[in-house]
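Here are some notes for a colleague who is about to look through this model. The points take up one helix and then one histidine.

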Amino acid sequence: MRFRHRAAAGFATLLLPLSGMVALAPPAQAATSATATYAKTQDWGSGFEGKWTVKNTGTTTINAWTIEWDFPAGTKVTSAWDATVTNSGDHWTAKNLGWNGTLAPGASVSFGFNGSGTGSPSGCKLNGGSCDGGSVPGDEAPSAPGTPTASNVTDTSVKLSWSAATDDKGIKNYDVLRDGAKVATVTGTTYTDTGLSKGTDYSYAVQARDTADQTGPVSGAVKVRTTGQTEEPPPTGDKINLGYFTEWGVYGRNYHVKDLVTSGSAAKITHINYAFGNVVNGQCKLDDAYAATDKAYTADQSVSGQADAWDQPLRGNFNQLRQLKAKYPHIKVLYSFGGWTYSGGFGQAAQNPVAFAKSCKAVVEDPRWADVFDGIDIDWEYPNACGLTCDTSGPAAFRTLSQALRAEFGDDYLVTAAITADGSDGGKIDAADYGGAAQYLDWYNVMTYDYFGAWDKTGPTNPHSPLTSFDGIPKEGFNSAAAIAKLKAKGVPAKKLLLGIGFYGRGWTGVTQSAPGGTATGAAPGTYEAGIEDYKVLKTACPVTGTFAGTAYAHCGNNWWSYDTPATINGKMAWAKNQGLGGAFFWEFSGDTANGELVSAIHSGLN
């Protein structure tokens with residue numbers, strides 16, 4: 001994708017010395033030493049955000065941790081993440097979750113919470129010992145139970161069974177997790193879940209708790225689909241209608257997974273690419289953990305209509321996508337890595353593609369969210385060419401990387417790639433072996449947009465997403481038809497090509513000529529960045545003047561914009577079907593109107 005904005009989730013952190021950070025009772029026999037420190041990361045007067053950090057300062061691994069502290073009367077925790085937080089009056093206790101209890105020597109882990117009141121914690125204890133670096137007792141957390149198996153599946157119920165976990169002090173009980181939220185606690189190794197919806201996908205896992213009330217790792221997840229017909233029919237036809245959902249959109253854009261439901265878009269799409277995972281040191285990495293896995297949603301904000309619990313193992317976008325898939329079982333979700341900002345890591349990944357592929361699968365199949373993703377998308381901008389950075393890994397690198405991904409993920413996962421649409425002679429399509437790589441990939445998202453824009457400050461003013469060439473085009477091959485033709489000529493099957501649609505416009509200012517090809521003085525003002533604006537804004541702020549090369553343009557005042565509309569999308573979809581393409585994709589959901597009119601146009605145009 002050409003542009004990548006990313007709002008930071010974090011806040012400036014001021015580490016505060018914690019008064020009274022001494023043990024209230026002498027520690028038990030030491031297993032190692034550790035510290036627990038407190039930081040107030042945000043303060044809005046009547047409330048605040050706090051963070052505890054546990055660091056293993058010893059030489060022995062810590063297998064579980066519990067922090068205790070006292071708040072003065074009137075101060076309390078209202079919600080928390082990455083720990084189970086409980087209280088007895090003004091005495092508060094935080095225990096690790098199943099996935100963050102183990103700390104190797106030198107390692108640290110943090111959890112956060114929102115609070116009300118103005119007080120500060122005191123009387124800190126870590127595993128019953130000192131918080132300031134003294135020795136702390138240790139205890140083995142339970143092992144992970146076996147992955148549940150499902151039986152006796154009906155329209156409204158399913159029976160689950162699993163193999164027992166082990167623990168040095170014995171297992172007390174098991175939490176049963178449905179779609180990441182606890183639905184039951186049982187003492188045995190079976191449970192029958194009832195009250196389910198027919199024809200709906202669910203994901204189940206279990207987590208053990210020992211007699212010391214420590215929780216262990218979450219088991220693997222099993223996917224279950226109840227019998228009967230779902231109330232939401234999948235889109236008709238066999239064409240793909242894929243949209244990108246941006247991780248950072250939950251911040252300034254205030255766009256959330258539930259908006260796919262309220263806009264009507266969820267019933268009309270077939271796939272979602274979740275953007276973006278990072279590529280660091282040749283490895284796939286989770287990028288913004290807060291947005292992806294921690295952000296808590298209230299009942300009215302969530303897809304399911306149920307508020308996130310403070311102790312559930314998964315929240316954030318991933319949990320909302322899980323709920324979306326339960327409501328719309330036809331939707332497949334892929335985890336997209338790279339993008340304009342994060343493509344610099346692919347060159348190193350290409351040096352060891354097998355290790356890269358393994359790292360990607362480890363992220364996609366993390367047991368906390370393995371059921372959410374149906375595949376992986378690689379957005380490398382650009383192999384053996386220049387984007388934000390320049391890559392010199394050679395023309396075969398992309399094919400080799402694609403082959404490694406397919407070998408690692410197998411045939412049960414979708415493996416796709418977003419690729420350049422530069423159809424010029426000797427351009428970016430010619431720089432890599434896209435034809436050879438196609439055998440390993442399910443399809444290509446061909447980025448047929450951002451051909452022209454206000455990075456050329458003086459113009460000429462031409463559409464950023466032309467379907468066809470036109471007289472006076474600044475660079476031959478910079479149009480959708482040329483890109484698709486070149487990829488076909490390289491041996492890529494038409495059904496493996498998706499036409500790209502931008503849900504935004506690109507524009508110039510200082511323009512006096514309404515027709516395309518005029519001069520300009522710079523980029524038109526935009527909400528988030530000069531020279532770019534969402535369709536939902538442009539449709540009324542700068543209505544269409546005419547169409548050109550298969551897309552729309554608009555001249556209003558001194559500004560000139562090009563963007564796609566439902567009418568031009570309908571024409572592009574007719575062209576895509578005539579070419580035998582596999583469908584279309586778009587960047588990205590939040591640029592559409594509240595009633596999803598661009599998604600609807602792609603849907604109706606393809607089917």
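1. In this predicted model, the residues of α12 that count as buried are T568, I569, K572, M573, W575 and A576. Around the axis they span an arc of only 160°, so they lie on the same side of α12.

2. The elements that cover these buried residues include two helices, α10 and α13 (597–606), together with the strands β26 (497–502), β30 (546–548), β31 (551–556) and β33 (583–587). On the face of α12 that is turned away from the buried side, the exposed residues are A567 and N578.

3. As for its geometry, α12 runs over residues 566–578, and its 13 residues reach 18 Å from the first C-alpha to the last, which is close to the 18 Å expected at 1.5 Å a residue. Just after α12, G580 adopts a positive phi of about 75°.

4. The second site to examine is H464, which is found in the loop between β25 (443–446) and α10 (480–489); α10 is also among the elements that cover the buried residues of α12. Is H464 buried or exposed? Its relative accessibility is 2%, and because buried means under 20%, H464 counts as buried.

5. The side chain of H464 reaches the backbone oxygen of Y504 at 3.3 Å, and Y504 also appears among the residues in contact with H464 once neighbours within four places in sequence are left aside. The others in that list are Y449, D450, Y451, F452, G505, R506 and S562.

Technical notes
Residues numbered from 1 in each chain as written. Predicted model: local features only at pLDDT ≥ 70, side-chain atom pairs only at ≥ 80, totals over all residues. Heavy atoms only, no water. Helix = DSSP H or I, 4+ residues; strand = E, 2+ residues; numbered from the N terminus. Buried < 20%, exposed > 50% of the residue type's maximum accessible area, 1.4 Å probe, protein only. Polar contact = N/O pair within 3.5 Å; in protein donor to acceptor, adjacent residues only side chain to side chain. Contact = heavy atoms within 4.5 Å. Expected span 1.5 Å × (residues − 1). Arc of directions from axis to C-beta.
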